[in-house]
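Me: Please take a close look at one part of this model, the second largest pocket and the elements around it. What lines the pocket, and how do the neighbouring parts relate to it?

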Amino acid sequence: MAAAESGGTGLVDLPGELLELILCCRALSAADIGRVSCTCRRLREACQARGKVWRERFRLRKCLTWKYYAKKILYFLRQQNILNNLKAYLERPEDQQSFLEGAVLIDQYCNPLSDIYLTSVRAQVDDITDKVRKVLRTKNPRHPSLAPKAGGILRVPELEFQRQVLDAMNCVLYEQLKYKGNEMDYYNSLNSYIHQVLIRRTGIPISLSVLYLTIARQLGVRLEPVNFPSHFLLRWCQGIEGSTDIFDYMYIDAFGKGKQLTVKECEYLIGHHVTEEFYGVVTSKEVLQRMVGNLLNLGKRETTDQSYQLLRDSLDLYLAMYPDNVQHLMLQARLYFHLGIWPEKVLDILQHVQELDPSQHGAVGYLVQHTLEHIERRKEEVGPEVKHRTDEKHKDICFSIGMIMKHKRYGYNCVIYGWDPTCMMGQEWIRNMNVHSLPHGPDQPFYNVLVEDGSCIYAAQENLEYNLEPHEIPHPDIGRYFSEFTGTHYLANTELAIRFPEDLEFTCATVQKIYSTVKE
């Protein structure tokens, strides 16, 4: 900079391309780039946040751990914003609560790192609606749904015109666009996310019903949501609007290609008789409650995600709508306690439960006691356990942190992020996993591995072998343990390297030996 100030040639006098090339030099740290950007406007522009310099810096760094925690922070911040939007939505008058917007808010909260926008979803629904209008125009050019709408809400009063709309909708949705109920993979959470329903053209009864209802209302047919047990339906009035007689309605199964059902056929659909109350219309909040309830049930069934993220997200949504629901508050407290996270939050939840329902004092007291013990243990922790592979008790350890492995029996690819000299799980786990059937049983090294399907497995040494064609493992927690993939193995991040200080050298030596042999 001094040269530039004295009239000589300095950084600021160089062409932009050359300046960027210099600033992308590996020898410069992120702090160096930051200091350079503070010197003058020319260099600040060269180091702009979205520019080539920082993109290249991030690419060269390949810091998986940074990316992992950056995503965690972004996940949290976006969810807080979406939760605020949901609360604002619920505070509006009911006639201003769009079913589609509610579905989008749920979708956004469960997928905060995805780019899901209400405007985009609406545009896709509008596109389907336009296709329906084209079909209507060929059938009835004078149909009232085709008339320009001069503000307000379009309503088609005549029953025959309404029937024409529904017929055209069924033609477009189920014949042209091939939408269908996902019978083969019913319990996939993607069926509940409206943006995925539009992409995959499949879903479950409630998500398809929200889409169907939204299109119908845009075309002037007022369908209403029915919280029918086991199978969400829509109802279409055939008599006087607002009638309380359940036989004055036809019931539409959006999951079943828009089939129109009588009361008796609805009972055939689920296989048993139900009382009249289940044929009544429900509010947008109750629709959201059922959508979130579906996700809650899926979260409880989840076995591969050890963080129970779907269960946590759906509990957050449910409690945003019903903050004083004792059953779900207790479930949230137990979940956080089980995961060993946020113990102070657990105590707050339990205090709230006790105020709402003093009869819960037994369960509350038990969790309070053990949560306080957890907090005390955390205070006493001196640091992570350090494992030296040169210790005599670790002499049978054959593999090391960061190695890409393959399971001999099941064929999955994985990476090692921890190991024990023998199986450290309890006897119940050992029995359930039939560990004693292995030739070496539990008395052999066991490894913590991240599997390519997103699961975390505790695998016996005899079941693992080197993967001779290593590749990156697409696991969401990879950055929690590793900073970089080298092409043959992963490099442990600082935290993991402290726990296994001798593994990196062993990994590098072993990998070099294995893959040099393969090349020969």
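Reply: A polar contact here is a pair of N or O atoms within 3.5 Å, in which, within protein, one atom must be able to donate a hydrogen and the other to accept it. The model is a predicted one. With that cut-off in hand, one contact can be placed at the start of helix 7, where a side-chain oxygen of Ser98 comes to within 3.2 Å of the backbone nitrogen of Leu100.

Ser98 also belongs to the second largest pocket: together with Asp95, Phe99, Arg217 and Arg222, Ser98 is among the residues that lie nearest the centre of that pocket. The lining comprises 28 residues in total, and the space in the pocket amounts to about 810 Å³. By class, the lining divides into nine nonpolar, nine polar and 10 charged residues. At least two lining residues come from each of helix 7 (99-110), helix 8 (118-139), helix 11 (205-218) and strand 3 (224-226). Helix 11 supplies the largest share, four residues.

Helix 7 itself merits attention. Its 12 residues should span 16 Å at 1.5 Å a residue, and the end C-alpha atoms are 17 Å apart, which agrees. Of these 12 residues, 12 are buried, so helix 7 is largely enclosed by the rest of the structure. The buried residues include the charged pair of names Glu101 and Asp107, as well as Phe99, Leu100, Val104, Leu105 and Ile106.

Phe99 leads on to a second space. The structure holds one cavity of 30 Å³ or more, and the largest cavity has a volume of about 40 Å³. Phe99 lines this cavity along with Ile206, Ser209, Val210, Leu213, Pro225, Phe232, Leu234 and Val287. Helix 11 again gives the most to the lining, with four residues. The classes in this lining are eight nonpolar, one polar and no charged, whereas the lining of the second largest pocket has 10 charged residues. Phe99 is thus named both among the residues nearest the centre of the pocket and in the lining of the cavity.

Aromatic contacts form a further part of the picture. The count comes to 17 aromatic pairs. In one of them, Tyr68 and Tyr69 have ring centres 4.8 Å apart and planes at 85°, so the pair is edge-to-face. Tyr68 counts as buried at 9% relative accessibility, while Tyr69, at 40%, counts as partly exposed. Tyr186 and Tyr187 are also edge-to-face, because their planes stand at 70°, with the ring centres 5.2 Å apart. Of these two, Tyr186 is partly exposed, with a relative accessible area of 29%, and Tyr187 is exposed, with 52%. Elsewhere, ring pairs link Phe228, Tyr249, Tyr251 and Tyr279 into a cluster.

Two backbone positions complete the account. Most residues other than glycine have a negative phi. Lys178, although not a glycine, has a positive phi of about 65°. Lys178 is placed in the loop between helix 9 (159-176) and strand 1 (180-181) and counts as exposed at 56% relative accessibility. Arg201, likewise not a glycine, has a positive phi of about 55°. The loop that holds Arg201 runs between helix 10 (194-200) and strand 2 (202-203), and Arg201 counts as partly exposed at 35% relative accessibility.

Note on methods: Residues numbered from 1 in each chain as written. Predicted model: local features only at pLDDT ≥ 70, side-chain atom pairs only at ≥ 80, totals over all residues. Heavy atoms only, no water. 1 Å grid on protein atoms, 1.4 Å probe; cavity = no way out; pocket = protein on both sides within 12 Å on 5 of 7 lines; lining within 4 Å. Points joined across faces, edges and corners; volume = space filled by probe spheres on them. Nonpolar A, V, L, I, M, F, W, Y, C, P; charged D, E, K, R; others polar. Expected span 1.5 Å × (residues − 1). Buried < 20%, exposed > 50% of the residue type's maximum accessible area, 1.4 Å probe, protein only. Phe/Tyr/Trp six-rings, centres within 6.5 Å; stacked < 30°, edge-to-face > 60°.
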